[in-house]
Every structure is written in C-alpha cells, then in structure tokens.
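Me: I'd like to learn how to read a two-chain model. Could you walk me through it feature by feature?

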Amino acid sequence: MKDKKFSELKTDILIIGAGGAGLRAAIEAHDAGANVTIVSKSLLGKAHTVMAEGGIAASIADVDANDNWKVHFSDTFVEGVYLGDWKMIEILVKEAPDRVYELEQYGALFDRTPQGKIMQRAFGGHTYKRLCHIGDRTGLEIIRVLEDQVLHREIQILDETTITKLVVDNGRIIGAIGLEYMTGNFIAISCKSVILASGGCGRIYKTTSNSLESTGDGLALAYDVGCALINMEMVQFHPTGMVYPESVKGLLVTEGVRGEGGILLNNKGERFMKRYSPKRMELDARDVVARAIYNEILKGNGTEHGGVYLDITHKGAAFIKKKLPAMYDQFKDFADIDITKQKMEVAPTVHYHMGGVKVDAETCATNIKGLYAAGEVTGGLHGANRLGGNSLADILVFGRRAGIWSAKYALHLDAGNKEILKAQLQNEIKRINSYLRSDEEPSQYNNSKFRIYELLDTLRQAMNEYVGIIRNAKGLYNSIEVLENIKKEIKDIKVSGTTKYNRSLLARMELENQLIVAECIIRSAIERKESRGAHFRNDFPKKNKKWLKWIICKKKNGRLALYPLQLKQIPKHLSFIQKEKYALVIK
Amino acid sequence: MERKIKIFSSKQERLIEYTVPIEHGMVVLDAVIYVLEHFDSSISARWNCKAGRCGSCGAEINGIPSLMCKTRLDSINGDIEVVPMKVFPNVKDLVVDPTDTWRIKKAMPNFKISEMVISKSSGITATKNITLYEYDVTRAQEFKKCIECFLCLDSCHAIRVHKSAYIGPMHVAKAASLDMNPLDSLDRRDFLDKNGIRFCNVTKCCTEVCPAKIKITDNAIIPEKERINDKKII
C-alpha cells in the first residue's frame, strides 16, 4: 500500500541534525528571537556526537600553563598540513575556551585536577595537554547538557525524520521536504533559512567508527542545490579501531588510550612507532600513526586478526578503570578481553571527514542564500588532517555562529513561495514511493542478501579497498567503475513495505546520497596528485607545494565539476605565530 | 553454526522464527540485521551506534530488557526471543515510541547555576576561577553516564502499576544528577514528590538492567526519597 499523506510546517530556521552543532545552533538562533525547528534522523540524544570520547580541545591552560591560542593555532594549522582555513582556525582556537566554560554553565561537570581546575589530557598532535574531558564520554555529556537547554526552550523537535530535499527558489532557500519515520508521512517545511548540521559520511566505508546514520545526506542535499564542497578527498582514518570480533570491527578505540600512556606493538613485540615517528611516537598526528599501523600490517607484522597491539596494562587496573571505563567495558563485553591484563588488537578505521560544505569562516554561510552549515558536514577547518578534540570544539564554536548568523539573515525576511514548495513535495512523494514495490519482496531462502544491501556492501567494500589509507590512480579508477555500475542498477531497485519505519527504504534513499558523496571523494582524490595529510597516494608519494590549494566539487549541468581554488596568503599576525611555533618545538 | 531467533512482528501479532548463521562475538542486533537483510526487508528495528553508547536499540530479549547491541548470542541458552519494550506504545515490530519522555524532561527544572558563582564574576567566563575537586563531581557524574536507553523504565513494575503517576528511574537519576551537581542552585524534591517517587519500593530491577551500571536505586532514588522525607519532617 502506498502512502501519500503529508503535513505542513512553518518555521524561521530549520536545523538539520541534532548532534552538538545542531543543538548549539538551535539555542543561539532561538535566543536571537527566531522560531526554530530541529529535524534529526535518530531520536533526540542519540546523534553520533555521543560517541565522542577523548575530549574537547581548548587552550584554557589549566594543566599546562604555557598553553595559549597561538600554540593551538599552530598545532591545528601545521597538522592540517597547511591546507586548513586559517580564518576558521583562528576563530576556533580563540573561542573554544569560552565554549568550555559555557558547557559548565549549562551543567557539564568536567574531570578535575588535584588543584581543583579542569583536567586536560594529552592527545596526538597537541603540543600541550589540552583536551578537557569527562572520562571517555565527553560527547555524551555535551549532548545531554545541550539537549537540556533545547528542551527548556520553545524549540520544535522532529526526531526520526529525514530530509529528502532542500527547496531553493530564486537562488534562496525557501524550505525542505522530509519523511517522518514513525508515521510514514511526508512533511513540507517552509523556512527562511536552513542550517546543515548533519555530520559526516563514514558509512560509505565498510570499516568505520561512525553510527548508522552517518551517510553523508547533508553533503548530498547541499550538492543537489548547487553548494560548493571542498577537500572531499580528505577522509580521516583513526589509527585505532577494533578488529575482532567481526561484529564490532571498526568500532573506535579512543585516542585517550594512547593519551593516557598506551603503546603500540607489532607481532614481534616491537614498539614500531619509534621507526616512524621517533619523537612523538604513538601521539603523532592521526594520519601518521594510521599509516604506520597500516604499513606494519602490510609487512606481515600484524596480529592474528589483522591488526597491531595496543597495550596499556602497565598503567594498572585502578588507573585504567577510572580513566578509560568505557574502553574497559567495550573490550570486556564485545571481545572477552580484559584491557587491564591483556593487549588490545587494533587497526585503522574511517572516523571523520575533513572535507565538506564550503562556508564563510565568520558566518557559516554557504554560497546558497539562506543555507548555513556547521560541524563535520563543513570543510576547510581541519585541512588535510584533524586533530583529536578539535571536532568537539568545532561543533560548539561554529554551531553557535551558524545560529547567530542564520537568525540575523532570517528574521527580517518574508517566507518563500509556497507553491514551489508544494510542487516539490509532490515530486518527492512520487520519487520516494517509486522506490517501493507493490508486492512483497520474496524472501531470500538461499541466504543471499536483498539486492539493496548487496549494492551497499559493494560500494562500502570498494571505498575501503580503493579509496582507503593508500590510494593510486588505478585503484581510484576502479572505484569509479564500481560506482558507475551501482548507479546503473540502482534505478531498478525497489524495496518492500511502506514509508512507515522502513529501514530498507531509508537504505535505498541513503544509497543515492552515498553515491554522490563517494563520487566527490573519488574524483577529488584522483585530482590531487600529491600526498598530503590523510590523502596518501603511492603513485605521488610526496607533498607538492603546487597543490597547496582546495579542490571544489560543484554540480554543473547535472554533473560533477571540479575547480581548484588557490589558498590566500596567511596574514601577518598569524604567520608570525607559525614561526614562533617552530621556536617552541619541544617534542 | 546456526541459531534460532524469534522476532515480534506487529503485522502478524506474533513471533516469527528465523534461522541465522552464527559467528563468534555476534550480538542479538547482528542477528536482527541479518534477518532484515536476508529474510524480511520490511522488518522495523531501531539502532544507531551499535556500540552500547547511544541507547537506541532497547528491547526485551527472552523477557529481559536489554540492549540488542550489547547482548551476546553466546550469553543465551536455547532459543532467542526478541520483543519490543512494553512500557511504550508500539510503532512497528521492535520499534516503540518513547517520545513522551521528552515531556517529562521538559517539565523537570533544568540546571541553574548558583548565584554565588555568577556574582563573583559575570559573563561566559564566570566559572573560570571556580575550584571544584574530583570528589565534588564524582557523585553527580555517576548519573551522567546514563545513555537514556529506557530499559529501566521498561523494567519498572511501579510504572506498570501506577502508569504516568510515576516518572520512573531514568528521570529520578536525571534529577539526582542535577541535584548533586555542586554548581546547581535548584532543588527537585517537590518535582519528584509530585511525580510519584514514593511508588518506588526499591526492588532494584532498574539497577539490574542498566547497561551503564548506574546504581539507580541505591545512589539516586533512595537518597532523593530520604531528602524528601527530611524536608517533610523539618
């Protein structure tokens, strides 16, 4: 039975995503006087931010008195291999401390130092101990306090709703079309401004630490309306994901384990990081450590299940249970491993997407009028490699800014043309209903997967294999071929059931988005003929000054077009700092 | 190796049995996803992180409220039966509608920072110079581990009997996390008293099912009950 029911909603600002960035934006936009609605694919409070473990990077200098925003700036810019947007980084590092204090005023309780200050831990690539944390569940605390703030304001929440299309008229955002899971009804949302806070796209890879919902929908929605995407080839592999059992392959093992003193060993018991990074060892930037681990595994120095060992047993049971309780439980529950007595097995896992929607640093505005973006869905801030802890700072700093500026834009604007929105609603109802079979899909008695899930596996496997830690032209073109085959076949793929809470229909819709994002990543990776940060090509293994530029992905005449964008010279007040950093090197 | 798993179908209003191949380390959610991807693509289940962190995939597994992503198949003897949590309205198959809990959260007085903190220095950096020690924060931190998976609400017979007159363990733990926050200035005793905390007769079912291992009864409900009684006596 096909369902054609729909409802309508009018709001000033529509926020897509209820993770840290979306919730923080909602608070600010509401307080500026705007009427705010949040939509989220998952239930409120279940967004991928809850998985953030290590902490939030802010140079409050409660532990290392020498820390300041300039050192944080240098760390972020240099570890992003000079590809970061220095304007965004400057804003981030200067505003992050205030966002930490703000969390305290929302009710967050950070771990404390013996002197009664906020405890900060060491993390890869950070010169000083900088990550304010709550055990290894910092993200959960952030989500909870922001959620409390949102729930105690007049903010409408439509959770378990997916946005299928942004509606643009005369070059400006006028609304969006969504599908509510629980009722199966479509919804036409008339709004003046949209803030994309939809997170990343890790689920286009087979091995990932990302939640089910991280399928890159926001990137695809933005691309669809002509928004510019940048640095799409920059996909971060976290050095340490679980490898066994298969059920939890890819699940994150927090960098906090290394931050608290964990060491990496190969199957010969050798602390191999001393060959790759003698000074910083396990706490070098993520791209360096991930490649080192990958290399060891390729060289045959890996463990039984295709990883390396991560060992923290020397720290003692009491310390481990206090500092890394979630990791202790995770290995005990899922792998029957007691990390206070046994080594963990780990291997790199897709963790974060540095690329994304191109935004103005100050205002978070995109090139589409009324469309703003914040958090992982944006690109530029982290350059070619993200430092741990900078993403929690990112979502709060830029979530707040997106809220302020979208409200400024929306408050004095008239609502858009309703007829256009209604027409788009009808199109979307038709499109999505066309994905449904009218009959029951026959059960697969031969134990093969339904075709939609097979296609999804094919895509995710190809991304793992060809667009992973080490890339080259041949592999990247192979992945394009896989993509083209899926594109041809997907047109005929239908799933059974109705629009009501239909996981397979969502998978069908998400696959369309995943294909767009995958194509942007692969094409950009082919274009960038050098190795920089997370993007490593064995056919161009060196960094090349010529490539100190961004690659922009944009839809042109219905097809993907790439444009290079030369980076602006770093201004005087910041280039000075960079030199200072070199004088400061203590690693 | 194979295992039998029975999953509730709301359309047929009964359990449907499937046979699923098993690998070491598999959890119930793996088996449910296997069924979704191989046998019935329209079956409805809710999950997100699949790592015991987000609290989306609560269900009753062989009668016990559990997270599907944390329940290992090798921890269960015999057949596996998965039905939706019964304390909430059913949406479809294993999916329930827990959004009424948002209403309770909205009604609970939110964290409000103490005037004493604010008066010392104003603005966003007001807490910059606060001294709080580890022992000041650990008590409230226990309840902040809550992933809001709703299993404690599903396990609670006080809710089953008294319905909406009792808000349930998850919300009492939330109130305790705020009341025990050293920077908070409000008191939620009246709120808890009005919302049925007295119906709890401390059988600790909630503590037993809590995947975050919070001692809800001992450390949140009993202290709050005692504080309420203190207030009445004085």
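Me: Let's begin where the chains meet. How many salt bridges are there between chain B and chain A?

Reply: Happy to help, and please keep in mind that this is a predicted model. The count between chain B and chain A is eleven. One salt bridge to look up joins the side chains of A:Asp336 and B:Arg72, at 2.8 Å from N to O.

Me: Which elements of chain B supply at least two residues each to the side that touches chain A?

Reply: They are H1, strand E6 (90–92), helix H2 (100–107) and helix H4 (134–143) of chain B. By class, that side of chain B has 33 nonpolar, 19 polar and 21 charged residues. As for polar contacts, 44 residue pairs are found across the interface, counting pairs with both residues at pLDDT 80 or more.

Me: How should I think about the size of an interface, and what area is buried between chain B and chain A?

Reply: The size of an interface is often given as the accessible area lost when the parts come together. Here the buried area is about 6200 Å², and carbon and sulfur atoms give 49% of it. On the chain B side, the residues that lose the most area to chain A are B:Asn48, B:Arg53 and B:Ile124, which together make up 12% of what that side buries. If you prefer to count residues, the contact takes 73 from chain B and 73 from chain A.

Me: Now the empty space. How much of it lies in the largest pocket?

Reply: Rolling a probe the size of a water molecule over the atoms shows where empty space is left. In this model the largest pocket holds about 1100 Å³. Its lining has 38 residues, and those nearest the centre are A:Arg203, A:Arg460, B:Asp30, B:Ile33 and B:Lys50. Chain A gives two or more lining residues from each of helix H13 (451–466) and helix H15 (503–527), as does helix H1 (28–38) of chain B.

Me: Which element gives the most to that lining?

Reply: H1 of chain B does, with six residues. The lining of the largest pocket divides into 15 nonpolar, ten polar and 13 charged residues.

Me: What about salt bridges over all chains: how many are counted?

Reply: The count comes to 71. For one example, find A:Glu28 and A:Arg24, whose side chains meet at 2.8 Å, N to O. Both residues lie in helix H1 (residues 20–31) of chain A, four residues apart, or about one turn of the helix.

Me: Last, the backbone. Which residues does a cis peptide bond join?

Reply: A:Tyr244 and A:Pro245, with omega at about -5°. A:Pro245 sits in the loop between strand E13 (235–242) and helix H6 (256–259) of chain A. Look also at B:Glu148, a residue other than glycine with a positive phi, near 50°. B:Glu148 belongs to the loop between H4 and helix H5 (151–155) of chain B.

Notes. Residues numbered from 1 in each chain as written. Chains lettered and ligands numbered in written order. Predicted model: local features only at pLDDT ≥ 70, side-chain atom pairs only at ≥ 80, totals over all residues. Heavy atoms only, no water. 1 Å grid on protein atoms, 1.4 Å probe; cavity = no way out; pocket = protein on both sides within 12 Å on 5 of 7 lines; lining within 4 Å. Points joined across faces, edges and corners; volume = space filled by probe spheres on them. Nonpolar A, V, L, I, M, F, W, Y, C, P; charged D, E, K, R; others polar. Contact = heavy atoms within 4.5 Å. Buried area = accessible area lost by both parts, 1.4 Å probe. Salt bridge = Lys/Arg side-chain N within 4 Å of Asp/Glu carboxyl O. Polar contact = N/O pair within 3.5 Å; in protein donor to acceptor, adjacent residues only side chain to side chain.
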